[in-house]
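Hi,

Here is the structure I promised to pass on to you. Please open it alongside this email, and I will walk you through what turned up.

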Amino acid sequence: MDLNEKELIANLKSEASREQAFQLLVKMYQQRLYWHIRKIVMNHDDTDDILQNVFIKVWKNIESFREDSSLFTWLFRIATNESLSHLQKQKRHSLVSINEIGDYLSESLESDVYFEGDEIQRKFQLAILQLPNKQRIVFNMKYFDEMKYEEISLVLKTSVGALKASYHFAVKKIEEFLKEDPK
Amino acid sequence: MKEKNVNIEHLFGKLKKETPFRVPENYFETFADRLNVRIQEEKNSYYKRSLFIYFKPMMAVAAILVLSMLLIYIPITKLLPSDSGNIVQNRSEKNVNDSVSGIPAALISNFSEEQLLAAFSASNDLDSKTLTADNLAVYIADNYSSYEILTDN
């Protein structure tokens, strides 16, 4: 935890400077958190709701933040949990089975007006969506966000070894998917 | 087959790491403002919830008192004879009792002095010694109909 982050946390915990520090926190992390959430739930509107919920949770609970982890890790953990809860809710409401979540998200991708990738990127995203949720999160964090295993380990509370294995299997599955359906 | 694998690996390796998604225009520029609105709403609802939590025990006690009153009062009023009915009945009985020899006292006051004197002089069996309010009322009741009593005045 660097000095700036410590200062930011101290300001967030102080009632006098909280508003200003919170604005700074939002500016610093909104984009990274947005893209992290977006890659999990795919849909922009859902991502927007979840991102707001994440920051509201931070606002409400900042005083109880124990500083065991960095602010970044804490924020990413909240965002990941909120996104997974959202998928669970979707599953309950639409009676979608866990295996069909990938199909549900694929449909969401196909109808997404904010998707501007080419055919190869669409195919690649569809391949990623076939992965189980947690494996997909590991793949996204490693491949797109280029996070270190140690950082991912802190966010997901999973051992580095398990993460490496998860990423390895994810890559294999994506390759298989692209091989089977290269159109 | 080998050539196909090479192509796939080549494709996977060359895939752009930039996200293929985009966001609505000015989304990130306006996000903080929208978030502030949400936080204000949350704060307001929190204060409302706090007030409700504060007053909840008092409201519960008040509700229990009202409910107990209703549970006691309604069966009592349903099961016991009505007091108001008794009062009305008593009042009508009192009016009857206020009458003299069956004629309501109010009717006697309707007679003029001439009527009363004429009645007095015409009567053989009514002398000054026995002239009392009761006797006079009995006489009037015997000699005049209710219609005459009411219309002559």
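Where in chain A is the place of Lys157(A)? Look in the loop between H8 and H9 of chain A. Before going further, please keep in mind that this is a predicted model. Back at Lys157(A), phi is positive, about 55 degrees, although the residue is not a glycine. Lys157(A) has 10 C-beta neighbours inside 10 Å, so the residue counts as exposed.

Met42(A) makes a nice partner to look at next. This residue sits in the loop between H2 and H3 of chain A, and its phi is near 70 degrees, again a positive value in a residue other than glycine. Is Met42(A) buried or exposed? With 23 other C-beta atoms within 10 Å, Met42(A) is buried, whereas Lys157(A) counts as exposed.

**The two chains**

Chain A contains nine helices and zero strands, so to speak of its pattern along the sequence is to write α-α-α-α-α-α-α-α-α. Of its 183 residues, 28% count as buried. Among the contacts in chain A with a separation of 6 or more, 58% are between residues 24 or more positions apart.

Chain B has seven helices and zero strands, and reads α-α-α-α-α-α-α along the sequence. Here 3% of the 153 residues count as buried. Residues 24 or more positions apart make up 65% of the chain B contacts with a separation of 6 or more.

**Where the chains meet**

How many residues of chain A are in contact with chain B? There are 25 of them, and they touch 18 residues of chain B. On the chain A side, helix H2 (18–41), helix H3 (44–61), helix H6 (119–129) and helix H9 (160–180) each supply at least two residues. H2(A) provides the largest share of that side, seven residues. Sorted by class, the side of chain A that touches chain B has 12 nonpolar, eight polar and five charged residues.

**The core**

The largest nonpolar core has 41 residues, and the members that touch the most others are Leu33(A), Ile37(A), Val54(A) and Leu75(A). Which helices each supply at least two residues of this core? From chain A they are H2, H3, helix H4 (71–94), H6, helix H7 (133–143), helix H8 (149–156) and H9, and from chain B helix H2 (27–79) joins them. H2(A) gives the most, with eight residues. Why does this core lie between domain 1 (1–96) and domain 2 (117–183) of chain A? Both domains give residues to the core, so it lies between them. As a general point, nonpolar side chains tend to be buried together in soluble globular proteins.

For a closer look, try Leu33(A): leaving out residues up to four places away in sequence, Leu33(A) touches Leu51(A), Val54(A), Leu75(A) and Ala79(A).

**H2 and H3 of chain A**

Tyr34(A) is in helix H2 of chain A. This tyrosine counts as buried because 22 C-beta neighbours lie inside 10 Å. Apart from residues up to four places away in sequence, Tyr34(A) touches Thr47(A) and Leu51(A). Tyr34(A) and Asp48(A) are 14 residues apart in sequence, and their C-alpha atoms are 7.5 Å apart in space.

Thr47(A) and Leu51(A) are among the buried residues of H3(A), together with Ile50(A), Val54(A), Phe55(A), Val58(A) and Trp59(A). There is also a length check for this helix: at 1.5 Å a residue, the 18 residues of H3(A) should span 26 Å, and the end C-alpha atoms are 26 Å apart, which agrees.

**Confidence**

The model scores ipTM 0.81 and pTM 0.64. Chain B has an average pLDDT of 71, with 54% of the residues scoring at least 70. Where in chain B is confidence lowest, and where highest? The lowest is in helix H3 (residues 83–97) of chain B, at a mean of 52, and the highest is in H2(B), at 84. Over residues 1–6 of chain B the pLDDT is below 50, and this stretch has zero contacts in the model beyond near neighbours in sequence.

Happy to go through any of this together.

Best wishes

How values were computed. Residues numbered from 1 in each chain as written. Chains lettered and ligands numbered in written order. Predicted model: local features only at pLDDT ≥ 70, side-chain atom pairs only at ≥ 80, totals over all residues. Contact = placed C-beta atoms within 7 Å. Helix = DSSP H or I, 4+ residues; strand = E, 2+ residues; numbered from the N terminus. Nonpolar A, V, L, I, M, F, W, Y, C, P; charged D, E, K, R; others polar. Core = buried A, V, L, I, M, F, W, Y, C linked by C-beta atoms within 7 Å. Buried ≥ 20, exposed ≤ 12 C-beta atoms within 10 Å, placed from the backbone. Domains from an automatic or database assignment. Expected span 1.5 Å × (residues − 1). pLDDT = per-residue confidence, 0-100.
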